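Here are a few notes from going through the model, as promised. Have the viewer open while you read, and shout if something looks off.

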Amino acid sequence: MEHSILLGMLAACAAATTIKWLLAREADHRRANAQTDELLRSNRALRMASRCRVALLHAGSAEEMMAAVCKAISEEGGYSLVWTGLSMAGSSRDLLASEIQGTPAGRFAAAAGGLQRGCSCEGIALDVMSDAKSRLRHGTSAEFGYPSVLALPLGSASGDAAPIGVLCVYSIAPCAFDSDDVQVLQELATDLALGLSNMHAARSRRAAEQASACHAQHDPATGLASRSLFNDRLRQALVAAERTGRKVAVLALSMDRYRGVKASLGADACSALLMHAASAMKSCLHEGDTVAHLLGNEFAVILSDLINDDDVLPVAGKLLEAIKAPMRWQDNIVNTTASIGIALMGEDGGEPSVMLRSANSAMAHAVGHGGNRFRFVAQEMNERASRMFALEAELRSALLHNEMVVHYQPRAALGDGCLTAAEALVRWQHPTRGLVPPAEFLPLAESSGLIVPLGAWVIREVCRQQGAWRDAGLPMVPVSINLSARQFREEGLVEHIEVTLEEYDVPSAMLSFEITESMVMEDLDDAVARMNELKAIGVKLSMDDFGTGHSSLARLRLLPLDQLKIDQSFVRQLGSEQADEAICRSIIDVGHNLNMQIVGVGVETLLQREWLRAHYCDEMQGCFFGRPMAAQDFAQLLAADRPRSNTMLPLWKAINYKV
């Protein structure tokens, strides 16, 4: 019995020992798990804080900074949803939700309603903004279905300034935030607020620096470039001109009646006059040119990328005309003129200060001669300008007194040699100089704007002449007219053509218009639209001098052309230059594949004609068949030949050549 009792006591002791061991082991496990959880939590907090601070250091903008911080808190901290809201200017009840990170962000956005749009919203975020204190909520009363939410103000560490926004962190865990979590997130919110404030300060500083630099480089009275910016751009223009082989001109300009306006109408009227001059000058210049206000009524202009010295003449004339436009000041009409001095690159070594000084000297000469004129440094340029302006005046008079005439150069089919069409070429029958070549007056007409009325006159004259030939019983052939770039862009071109065709009862198919590659490639979309307008009234379209510009096949197929004219520079070497022959073959093949007629221009020899004929070119134009001739001479050609212009069938389709 005693033995049994002893065994029982031993078993009880063993059981108690086992229980104590198990309890101790369980406690050790709990301590180990708690330590592990604490270590994981600490590591998570460290990773979150480290990633946030890296984002604060490397973010390039406030938006990027907030997005990176919210993403780091969501991903590293394991929180369900994180967003930042910034207070909207002028409102104490509106928050703009700048960044939203986590899932399901869509549900939050929908629940928040107008929050992203900055509309007024109630809740913990606005409570934090109102008293600048952190808010923590647990339980079912938390927002948007998340049991735990922590809202932290984005303000300074001292709490003196009002918060600029709020950082809100959500979790699906019922009690997700302990004191350590709150402390870490509060520190991150403070760092984020500091980063945003520093970035805002840096942005404000940069804006102030840019405004200061802009103020230093621009005249406050007119908004034009200052003297320092003018000198800098002139140096750049001269360096670029040396590299490209182009020309640069400096124009010094002063207003002739500035002192008189100031004496009679006061300083405010003079300020308005300066703005008037600035606006007038800017309207005359290209994008790459510079106009500066130097001092008082003195301005300076840089004309860059000029092809030759004469290109400055039309610009100087436009400046004089623009400044002459009257200005209304209160109840007064103020009229003024300008004096301009011009210095060209190379006359004085191309030094910026020397060029401006020379332009000022030339301007003084213009003032001394009564103003409202321009003068060059070099006397020969003044003489050339005088001749050009005299020629422009004569050209204006020629348009008024019907001194212009049209000559016609015939075109022939290469298949049978029949007359098929003609090109209208304008000539100037000067009363004392005789027939003036177009190379002398057409560039002047283009630069002065006279090309528009001259071109309109050519269209009317061609239609009138075609009607006269028809009334005389002669057959009609299509006549092509060259369009200048300025005419092509003229808004009333199509209407003028329609009215003229109707007035002289000429079929639209009897009129063709030739354009150049450069006119089309400047603005392809606009050019195609204008070409389609012309095609809509039934006239034909041809591309002149094809192969000398920068057309690509991709662009060519977009153009509604009826004809390509091979430039005479390629035709001239046919039979002797393989490269030119290859180019001509390519143009013929491409044109035919696009259903266009091909015309060889500048055909002067039998060899050239036979080469084009052998390679299926449709028509030829040149001295071999006929030189440009007066209307009465062309009428004799119409009477002698039987044109087959009515078919307008390309040679490669009309004739079956043997290859």
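The points below cover one sheet, two helices packed around it and an aromatic pair.

1. Before anything else, keep in mind that this is a predicted model.

2. Let's start with the sheet. It is an open one with five strands in the order β7-β8-β6-β11-β12, and the pairing is mixed. The edges are β7 and β12, each of which pairs on one side only. Going from one strand to the next, the twist averages 20 degrees.

3. At the β12 edge, have a look at how β11 and β12 go together: they run parallel and four bridges join them. If you want a spot to zoom in on, G341 stands opposite R375 in β12.

4. Helix α9, residues 312-324, lies across β6, β8, β11 and β12. Against β11, α9 runs at about 160 degrees.

5. Next, helix α10. This one covers residues 352-368, 17 residues in total, and reaches 24 Å from its first C-alpha to its last, close to the 24 Å expected at 1.5 Å a residue. Just after α10, G370 takes a positive phi of about 105 degrees.

6. Which residues of α10 are buried? They are P352, M355, L356, S358, A359, A362, M363 and A366. Looking down the axis of α10, you'll find these buried residues within an arc of 160 degrees, so they line one face of the helix. The face turned away from that buried side carries R357 and G368, both exposed.

7. And what covers the buried residues of α10? The cover includes strands β6 (247-255), β7 (290-295), β8 (298-306), β11 (338-344) and β12 (373-376), along with helix α6 (227-244).

8. Now the aromatics. The structure holds four aromatic pairs. In one of them, W469 and F634, the ring centres sit 5.3 Å apart with the planes at 40 degrees, so the pair counts as tilted; the tilted class lies between stacked, under 30 degrees, and edge-to-face, over 60. W469 belongs to helix α13 (residues 451-471) and F634 to helix α22 (residues 631-640), so the pair ties together parts that are 165 residues apart in sequence.

9. Are those two rings buried or exposed? W469 is buried, at a relative accessible area of 6%, and F634 is buried too, at 0%. Add Y408 to your selection while you're there: Y408, W469 and F634 form one aromatic cluster.

Technical notes
Residues numbered from 1 in each chain as written. Predicted model: local features only at pLDDT ≥ 70, side-chain atom pairs only at ≥ 80, totals over all residues. Heavy atoms only, no water. Helix = DSSP H or I, 4+ residues; strand = E, 2+ residues; numbered from the N terminus. Expected span 1.5 Å × (residues − 1). Buried < 20%, exposed > 50% of the residue type's maximum accessible area, 1.4 Å probe, protein only. Arc of directions from axis to C-beta. Contact = heavy atoms within 4.5 Å. Phe/Tyr/Trp six-rings, centres within 6.5 Å; stacked < 30°, edge-to-face > 60°. Pairing = 2+ DSSP bridges. Axes fitted to C-alpha atoms, helices over the stretch in contact; angles between N-to-C directions.
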